Amino acid sequence: MKPTVLITGVAGLIGGYLARTAARWAPQWNVRGVTRAEADLTDSLQLKELWRRYQPSLVIHCAALSRTGACEQDPAQATRINVDATRSLADLARDIPFVFLSSDQVFDGSTGHYVETDAVNPLNEYGRTKVEAERVVLQNPAHAVIRIALTAGTSPTRDRSFVEDMVRTAASGMKMTLFTDEFRCPIPAGVLARALWEFAAQSRGGLYHLGGSERLSRWEIGELLAGRYPELLPWIQPGSVADYHGPPRPPDLSMRSDKIQAMLSFGLPGFRQWLTTRSQAGDDPWG
Ligand SMILES: NC(=O)c1ccc[n+]([C@@H]2O[C@H](COP(=O)([O-])OP(=O)(O)OC[C@H]3O[C@@H](n4cnc5c(N)ncnc54)[C@H](OP(=O)(O)O)[C@@H]3O)[C@@H](O)[C@H]2O)c1
C-alpha cells in the first residue's frame, strides 16, 4: 500500500498540475486530490470527515482564495479559507509533513530579489492572510511554507492563471497596459509541480521561495507570451506603474530561490529560456 498524499485545491491551477504530474514525478504516492465540491475546508465537520476518509501521510495545501481582488472584496472569507482552514489542516497534520503554498505578495515590492530572511510587509489583504497563515504553519518545525512566484499554466477551469486572464481579456477586445517597471520571477506550472514533488519527498520543514530564475518586467513577460499567443499582440501596450492610479501594487516581487534550488535535481529555468525551448520543440509551454 502506497502512503496517501492529500492535495487540496485540485480544481485550481497548481493543485491541478500536481495531480496531473504525480504519476511522473511522485509515483510513490497514492494521490488524493480534493475539490471544494468534495469538502469545503472552512467547514470543520467536512474537514474532519475528509481527514478520517483519507488518513494522509502528507498534505500539500493549495486551496485558497488566491485572487487579490476577491480578498479585498471579502476579507472575512479570505481569512476563513487562507488562514483559519490552513490552521485547522495544519493542526490535523501535526504529526505528518505539511506543505503550505504562500505567495511573493507577502512583500511590499520595494527592493525585489527577496530571500527567505527578508522582512514581510504585504500591501494587500491577500498578502496579509498569507503572512498570518505562514506564522501559523511555521509553529510546527516539521511543516513547510513555500512562497510561490507568478505561475503560468492552463487550469482545469481555464480561468485561473494570469496567462488565461490575458488571453481572455484580449479576446474580449480590451487593451492591457503592462508595466515596464513592475517585476516578477514567473515560473511554468509544470516546473513548479516537479519542484514541489521533489521538495515533498524530502519531508523538510521551514520557509522557502520558489520562482523562475529570471526577473522580468510585466511588459517583458507580455512580449514573451505574445510569441506564443500572437492574438495578444494588438491588445498589449507598455506603461509605467508611475502612471497607474488604483490600489497599491508591489513593484518588484522578484525572489531568489537558491535555498530550494539546492534541494532539487534540476535547475529552475528562466521564463524566457523555458518558453523559447518549449516553443521550438512544439511542446506544451507550461510542461
Ligand atoms: N497561481 C499563482 O500565480 C500563485 C502565485 C503565488 C501563490 N499562489 C498560491 O498557490 C496556491 C494555489 O494557487 P492556484 O493558483 O492553484 O489557486 P486557484 O487556481 O485559485 O485554486 C485554488 C483552489 O482552492 C479552492 N478553494 C477555495 N476555497 C475553498 C474552500 N473553502 N474549500 C475547498 N477548496 C477551496 C478553489 O476552489 P474553486 O475552484 O471552487 O474556487 C480552487 O480550486 C494558493 O495558495 C495561492 O495563493 C499561487
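This report describes a predicted model of a protein with a bound ligand, taking in turn the ligand site, the enclosed cavity and a set of individual residues.

## The shell around the ligand

The ligand is surrounded by 25 residues, and the closest of these are Ile14, Arg36, Ser66, Tyr126 and Lys130. Sorted by class, the shell is made up of 14 nonpolar, seven polar and four charged residues. Three secondary-structure elements each supply at least two residues of this shell, namely helix H1 (13–25), strand S4 (98–103) and helix H5 (125–137). The largest share comes from S4, which contributes three residues to the shell around the ligand.

## Polar contacts and cover of the ligand

Oxygen atoms of the ligand take part in several polar pairings with the protein, and two of those described here involve side chains. An N or O atom in the side chain of serine 66 is 2.6 Å from an oxygen atom of the ligand, while for the side chain of lysine 130 the corresponding separation, again between an N or O atom and a ligand oxygen, is 2.7 Å. The backbone is involved as well, in that a polar backbone atom of glycine 12 is found 3.1 Å from an oxygen atom of the ligand. Taken on its own, the ligand has 890 Å² of accessible area, and the protein covers 89% of it.

## The enclosed cavity

How many cavities of 30 Å³ or more does the structure hold? There is one cavity that reaches this volume, and the volume of the largest cavity is about 30 Å³. Its lining is formed by Leu58, Pro97, Phe98, Val99, Ala142, Phe199, Ala200, Ser203 and Arg204. The elements that give two or more residues to this lining are S4 and helix H7 (189–201). By class, the lining of the largest cavity consists of seven nonpolar residues, one polar residue and one charged residue. Strand S4 thus appears in two settings, as a contributor to the shell around the ligand and as a contributor to the lining of the largest cavity.

## Positive phi angles outside glycine

Two residues that are not glycine have a positive phi. In glutamine 55 the angle is about 40 degrees, although the residue is not a glycine, and this residue sits in the loop between helix H2 (44–54) and strand S3 (58–61). Glutamine 55 has a relative accessible area of 57%, and because this is over 50% it counts as exposed.

Serine 203, likewise not a glycine, has a positive phi of about 45 degrees. It belongs to the loop between H7 and strand S10 (206–210), and it is also one of the residues that line the largest cavity. Is serine 203 buried, exposed or partly exposed? With a relative accessible area of 47%, serine 203 is partly exposed, a value that falls between the limits of 20% and 50%.

## Buried positions

Threonine 151 lies in strand S6 (residues 151–152) and has a relative accessible area of 8%, so it is classed as buried. The side chain of threonine 151 comes to 2.8 Å from the backbone oxygen of alanine 149.

Valine 191 is placed in helix H7, and it counts as buried at 5% relative accessibility. Its C-alpha atom is separated by 7.5 Å from that of leucine 268, a residue 77 positions away along the chain. Proline 250, in contrast to these two, is found in a loop, the one between strand S12 (236–239) and helix H9 (258–261); with a relative accessible area of 4%, proline 250 is buried. From C-alpha to C-alpha, proline 250 and arginine 184 are 9.9 Å apart in space and 66 residues apart in sequence.

## Partly exposed positions

Glutamate 220 is part of helix H8 (residues 218–228), where at 28% relative accessibility it counts as partly exposed. Although glutamate 220 and threonine 180 are 40 residues apart along the chain, their C-alpha atoms are separated by 7.3 Å.

Valine 115 lies in the loop between S4 and H5, the two elements that each supply at least two residues of the shell around the ligand. The relative accessible area of valine 115 is 27%, so this residue is partly exposed. Its C-alpha atom and that of arginine 80 are separated by 28 Å, with the two positions 35 residues apart in terms of their distance along the chain.

Note on methods
Residues numbered from 1 in each chain as written. Predicted model: local features only at pLDDT ≥ 70, side-chain atom pairs only at ≥ 80, totals over all residues. Heavy atoms only, no water. Near = heavy atom within 4 Å. Polar contact = N/O pair within 3.5 Å; in protein donor to acceptor, adjacent residues only side chain to side chain. Areas by Shrake-Rupley, 256 points an atom, 1.4 Å probe, with all protein chains shown as cover. Helix = DSSP H or I, 4+ residues; strand = E, 2+ residues; numbered from the N terminus. Nonpolar A, V, L, I, M, F, W, Y, C, P; charged D, E, K, R; others polar. 1 Å grid on protein atoms, 1.4 Å probe; cavity = no way out; pocket = protein on both sides within 12 Å on 5 of 7 lines; lining within 4 Å. Points joined across faces, edges and corners; volume = space filled by probe spheres on them. Buried < 20%, exposed > 50% of the residue type's maximum accessible area, 1.4 Å probe, protein only.
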